[in-house]
Amino acid sequence: MQVGFDYGTSNCAMSFVEGGTAKLVPLYGDDAFVPSTLYALERGFIAELIAQQLQDPQARQAYAQTRSGALAQARAGKLEHDVAQVTEGLFYGADAIAHYVAAPEEGYFIKSPKSFLGASGLRPQMVGFFEDLVAAMMLNVKQRAETYLQRDITQVVIGRPVNFQGINAQESNSQAQAILSAAAQRIGFRDIEFLFEPLAAGFDFEMRLHENKKVLVVDVGGGTTDCSMVLMGPAHRNNLQRAQDFLGHTGERIGGNDFDILLAQKALMPSFGMLSPLKTGLPMPLMPFVNSMAINDIGAQSDFYDANTTFLLEKLQRETTEPELLKRFVAMREHKHNFAVVREAELGKIALSSAAIHGFPLGFIEPGLVPETSAQSYAEIVSLLLQKIAHLINDATTQAGSLPDIVYITGGSAKSPLIRQLVRELLGEDIEIVDGDHFGSVAAGLGVWSNRIFGAN
């Protein structure tokens with residue numbers, strides 16, 4: 001059976017076509033979306049899970065040789081945690097978040113690994129780890145979908161952004177797509193194709209068009225923003241080759257995660273001592289605070305938990321004029337609560353779409369800690385990110401050589417009224433703006449394309 005798989009930065013979803021209509025697979029009860037998170041009692045559990053999926057004896061042996069350390073850790077971990085199967089120590093989505101919040105220091109938690117796949121300078125061991133991590137998360141979705149559909153799924157179209165990273169884009173894209181492909185193969189997908197996510201989002205919309213239109217698809221996801229100008233409508237939608245309909249496309253690693261992180265850095269870190277002056281009269285070093293919230297940056301997280309940062313914070317605790325604030329920061333670091341702080345920033349971002357002021361409940365750091373910010377302040381904080389998105393929109397229309405007839409806005413982060421306001425400012429008040437299923441349009445479009453290219457098989 002063929003499906004579309006949206007392995008997203010924020011959420012994962014899978015779709016199939018039934019009766020000519022794309023449908024999302026319910027994965028958890030009636031919920032078709034699972035947050036892109038994983039919590040493992042031991043990192044080695046991930047490797048053992050993937051080893052169990054390899055049916056070919058030679059492939060399994062070769063894999064075991066490259067993962068010998070992780071597999072040994074898994075064997076020891078099962079004894080330590082008193083679990084018979086590694087699946088008992090692996091948690092996904094909301095379950096992963098709940099386990100992390102309950103015990104942030106005891107296990108291994110990762111959020112939005114898609115953000116890391118195109119990172120420059122990944123060593124082979126780290127590439128292999130990301131292949132396993134992505135495979136484990138994909139396997140969770142695939143198995144749940146197969147249970148619901150009562151069929152084996154072997155053919156898949158996986159969505160990908162136009163660019164995974166802004167730097168060394170071609171090399172970054174090749175690395176990230178290779179990781180996704182290797183992961184998909186390891187869990188049993190036989191035929192694997194990729195499709196640009198904004199084009200997939202547009203396919204879902206195109207099924208409802210009765211006239212041919214030039215459509216600017218603005219897809220603001222969790223990790224990337226993609227803008228594509230596409231010819232759509234009855235004269236185009238049945239074509240298997242759509243390259244000639246793709247008039248312009250741009251993409252950059254700017255997404256909802258960046259809005260969350262910037263909000264956390266600017267609005268929340270002052271309550272942790274980021275702006276406290278030192279007794280020497282010098283300003284507080286910003287980098288530890290910036291790195292702490294940059295949960296989508298491997299290098300930043302490594303620096304944040306490095307011994308050098310420990311020594312720096314010990315020094316700053318003696319020099320700060322507001323030791324109680326910095327004490328909060330040190331406690332957050334010791335208990336690995338930085339992911340939870342960014343999570344509260346994300347919830348606050350959503351709330352500020354409709355509220356004038358929001359208080360961020362950080363009682364898990366300190367009872368009664370509720371820093372506030374306003375919608376106006378939030379808009380000022382993210383103004384540079386909005387400018388970058390504006391540049392992508394302008395670049396796509398410049399490549400196309402014309403303005404669009406319709407703007408189709410999709411992606412979870414596109415629900416913000418700031419995005420709609422930006423489009424109006426750039427393209428005029430009279431431009432028609434259509435909101436897609438902000439979370440499901442990419443997955444649905446991938447399902448449409450999967451059925452189109454694999455349907456005859």
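**Salt bridges, pair by pair**

Modeller: Lys349 and Asp260 are both buried in this predicted model.

Biologist: What makes Lys349 and Asp260 a salt bridge?

Modeller: Their closest N and O atoms sit 2.9 Å apart. The cut-off is 4 Å between a Lys or Arg side-chain nitrogen and a carboxyl oxygen of Asp or Glu, so the pair qualifies. Lys349 belongs to helix α13 (residues 338-351) and Asp260 to helix α8 (residues 256-268), so the contact ties together parts 89 residues apart in sequence.

Biologist: How do you know that Arg186 and Asp132 meet in a salt bridge?

Modeller: Same kind of check: N to O comes out at 3.4 Å, and that is within 4 Å, so it counts. Arg186 is in helix α6 (residues 169-186) and Asp132 in helix α5 (residues 124-149), so parts 54 residues apart in sequence get tied together. Both Arg186 and Asp132 are buried. They're also in a salt-bridge network with Arg67 and Glu131.

Biologist: And Asp435 with Arg420, what makes that one a salt bridge?

Modeller: The closest N and O atoms are 2.0 Å apart, so the 4 Å limit is met. This pair links strand β16 (residues 432-435), home of Asp435, to helix α16 (residues 417-427), home of Arg420, with the two positions 15 residues apart in sequence.

Biologist: Why is Asp435 called partly exposed?

Modeller: Its relative accessible area is 35%. Buried needs under 20% and exposed needs over 50%, so Asp435 lands in between. Arg420, at 29%, is partly exposed too.

Biologist: How many salt bridges does the rule give?

Modeller: The count comes to 14.

Note on methods
Residues numbered from 1 in each chain as written. Predicted model: local features only at pLDDT ≥ 70, side-chain atom pairs only at ≥ 80, totals over all residues. Heavy atoms only, no water. Helix = DSSP H or I, 4+ residues; strand = E, 2+ residues; numbered from the N terminus. Buried < 20%, exposed > 50% of the residue type's maximum accessible area, 1.4 Å probe, protein only.
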